[in-house]
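Me: I have a structure to go through. Please take my questions one at a time and finish each reply on the value or name I ask for.

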Amino acid sequence: VKLFKDGMWHYMHIDDRIPVDISGEPIYAKGKNRNETWIMLLEKAYAKLHGCYEALATGYVDEALRDLTGGAPLYIDTKVAQGKRMREDDKLWSFLKSSLSDDAVVTAVRSPQAPIPEGGLAADPTCRVLGGCAYVVKFMSIVEDPLTKLKTKIVRVYNPWGLRTWG
């Protein structure tokens, strides 16, 4: 497996032995399909690059994307806009939409230390943005109700927990 680290490409040679629990289930990453092994092998190579699986317990999405692709990620800390809601004409919203349309990989992470929003956590657990979890943004749009003319932001994300949308 070829991975990028510290400005250089590294070839990680791995075997197909995956850590499993007593029932034979993989301990770490796994796909929804039991026969899908690429994610387990990629994670094993990434753990080897960093020394061990334990080294993968924490980290940053932008660093992982750089290591996996060799690309130059852009990290945007939205804490500077704390207290402000993204409006339709905001530069950040426009930049993210334009990045998605250019086929960029856009991710979002809610810090575990992030304050709970004013309205509290969503009552529906499928709409929660969990602290410390990374999400890949798949779609962004603003939908206008034709009767009331109220606009709602829709963001569709992918993650392994089946959480799909928050607005």
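**Salt bridges and a buried methionine**

Glu25 has a relative accessible area of 25% and therefore counts as partly exposed; the classes used are buried under 20% relative accessible area, exposed over 50%, and partly exposed in between, computed with a 1.4 Å probe on protein chains only. This is a predicted model, in which local features need pLDDT of at least 70 and side-chain atom pairs count only at pLDDT 80 or more, while totals for chains, interfaces and linings use all residues. Residues are numbered from 1 along each chain as its sequence is written, and side-chain values use heavy atoms, with hydrogens and water left out.

Me: How many salt bridges are in the whole structure?
Reply: A salt bridge here is a side-chain nitrogen of Lys or Arg within 4 Å of a carboxyl oxygen of Asp or Glu. Searching the whole structure with that rule gives a count of four.

Me: Which residue forms a salt bridge with Glu25?
Reply: The closest N and O atoms of the pair are 3.6 Å apart. The partner is partly exposed, at 46% relative accessible area. It is Lys30.

Me: How far apart in sequence are the parts that Asp15 and Lys44 tie together?
Reply: Asp15 forms a salt bridge with Lys44, with the closest N and O atoms 2.3 Å apart. Asp15 lies in the loop between β2 (8-11) and α1, and Lys44 in helix α1, so the pair ties together parts at a sequence separation of 29 residues. Helices (H or I, at least four residues) and strands (E, at least two) are DSSP runs, numbered from the N terminus.

Me: Is Lys44 buried or exposed?
Reply: Its partner Asp15 is partly exposed at 39% relative accessibility. Lys44 has a relative accessible area of 16%, so Lys44 is buried.

Me: Which residues are joined with Asp67 into one network?
Reply: Asp67 forms a salt bridge with Arg66, the closest N and O atoms being 3.8 Å apart. Asp67 is buried at 1% relative accessibility, whereas Arg66 is partly exposed at 30%. Through salt bridges that share partners, the network joins Asp67 with Lys5 and Arg66.

Me: Which residues is Met40 in contact with, leaving aside its neighbours within four places in sequence?
Reply: Met40 sits in helix α1 (residues 38-50) and is buried at 8% relative accessibility. Met40 and Ala29 are 11 residues apart in sequence, with 5.7 Å between their C-alpha atoms. Taking contact as heavy atoms within 4.5 Å, the partners of Met40 are Ile18, Pro26, Ala29 and Lys30.
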